[in-house]
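I opened this structure to look up two things. The ligand and its contacts come first, and the cavity search follows.

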Amino acid sequence: MMPSGQIPVANPLLDSMRHEAVIRAAMGRVLTSGDYILGPEVLAFEQEFATWLGVDHCIGVASGTDAVALALRSCGVQPGDEVITVSLTAVATVAAIQQIGAVPVFADIDPLTRCINPSLLPLLVSDRTKAIVPVHLYGQPAPMPDIMRIAAQYGLWVVEDCAQAHGAAIANQKVGSFGHAAAFSFYPTKNLGALGDGGAVVTSLTDVADTCRALRQYGWQERFISSLPGINSRLDELQAAILRIKLPFLTDDNHKRNLIAAQYRSALHGTDITTPPLIANTAHAMHLFVVECPQRDKFRKFLLEHQIATALHYPQAVHQQPAYRGCIRGGENLPITETLTQRIVTLPLFPSLPESSVTKICAALEAWRYREQ
Ligand SMILES: Cc1ncc(COP(=O)(O)O)c(C=O)c1O
């Protein structure tokens, strides 16, 4: 529970309460429909989200983690196959690769984008490599054209992890539409958040979509007949109905996020703090505003004294965490990832963050410049 008066890093309650009346009405509609799982709301949401992204197919699943796992399986990744990804990500990316028995391999990141560095990929490809999972970290698009070019050269599949990047784009093309498939999360704090768990696989490859649709429900292509060994990972009607309410506001919400980010940028201009890059021709979804700070602990304490919460995304990269330490190829050579994890701090940023809070945060950021050293 956030101490009262403190500005939180995210506030899914406030973001959702903007739609309270319509959400309550939609819940009532689902209640009386008698259809609770994979019904008309899910079908409609899948079509609306696919159209919004510019892809042919969307398959609603139970979480973003399952979406990564199911997308990989649908692309034919098998137990024992290697999948190259990053260590500076939510542990879910790596857990999803391992969930299907595949083997994660870590590539270091580009210090500017903080996403996978495509030039390192050829050094990591082995004869077991089957796929790449670039993560659009914090809402910053990974360099998809370069990644797709290298993937084509080595015959690899690409599954984009878009859990933090709904609406991020390169040259007006939304992320999720570059790879062979992509995974989204609708965890409540995401740019498009449900009121529970939810996720989606998107693709424009019909075979991949058909396989994924079967895999999410026991491998059924026909009811009660499993043609593949699948799992249960279905999106429910309540979450889909809520996502349908929020989707039309997503572009505007991302714009609001970017406006707040611009104010933080100018407040921090000329300080010792590095703000997320503005990269030409890319739209940042600004899921998280993550700065880099040489005196991170002092900076966090300073903000806390001004009643401003901060977070670390992530306090440890995946290869540094007890479950993964020393077990993942590539983990021994991630200097940029390791430097960054010492410096990153996440500031509060969500679409319903009140103007008065933004002003208070900017004042504190400006005051950091004049602190007593
Ligand atoms: C980059 C990334 N990938 C995957 C996931 C997994 O999503 P979920 O929490 O819906 O399983 C998350 C969510 O935290 C994420 O941030």
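I count a polar contact as a pair of N or O atoms within 3.5 Å. The model is a predicted one, and I kept that in mind for each entry below.

Entry on the ligand. I checked Asp-161 against that cut-off: one of its polar side-chain atoms is 2.7 Å from a nitrogen atom of the ligand. I then looked at Thr-65, where a polar side-chain atom sits 2.5 Å from a ligand oxygen atom. For Gly-64 the contact is made by a polar backbone atom, 2.8 Å from an oxygen atom of the ligand. I also looked up the ligand's area: taken alone it exposes 390 Å², and the protein buries 89% of that. Which residues come nearest to the ligand? I listed Gly-64, Thr-65, Asp-161, Gln-164 and Ser-185, out of 15 residues around it.

Entry on cavities. I searched the whole structure and found one cavity of 30 Å³ or more. The volume of the largest cavity is about 120 Å³. Its lining has 15 residues, and those closest to the centre are Asp-15, Lys-190, Asn-191, Gly-193 and Lys-246. Helix 1 (12-17) and helix 10 (250-268) are the elements that give two or more residues to this lining. By residue class, I noted six charged, five nonpolar and four polar residues in the lining.

Entry on position. Where does the largest cavity lie with respect to domain 1 (12-248) and domain 2 (249-369)? Both domains give residues to its lining, so I recorded the cavity as lying between them.

Technical notes. Residues numbered from 1 in each chain as written. Predicted model: local features only at pLDDT ≥ 70, side-chain atom pairs only at ≥ 80, totals over all residues. Heavy atoms only, no water. 1 Å grid on protein atoms, 1.4 Å probe; cavity = no way out; pocket = protein on both sides within 12 Å on 5 of 7 lines; lining within 4 Å. Points joined across faces, edges and corners; volume = space filled by probe spheres on them. Helix = DSSP H or I, 4+ residues; strand = E, 2+ residues; numbered from the N terminus. Nonpolar A, V, L, I, M, F, W, Y, C, P; charged D, E, K, R; others polar. Domains from an automatic or database assignment. Near = heavy atom within 4 Å. Polar contact = N/O pair within 3.5 Å; in protein donor to acceptor, adjacent residues only side chain to side chain. Areas by Shrake-Rupley, 256 points an atom, 1.4 Å probe, with all protein chains shown as cover.
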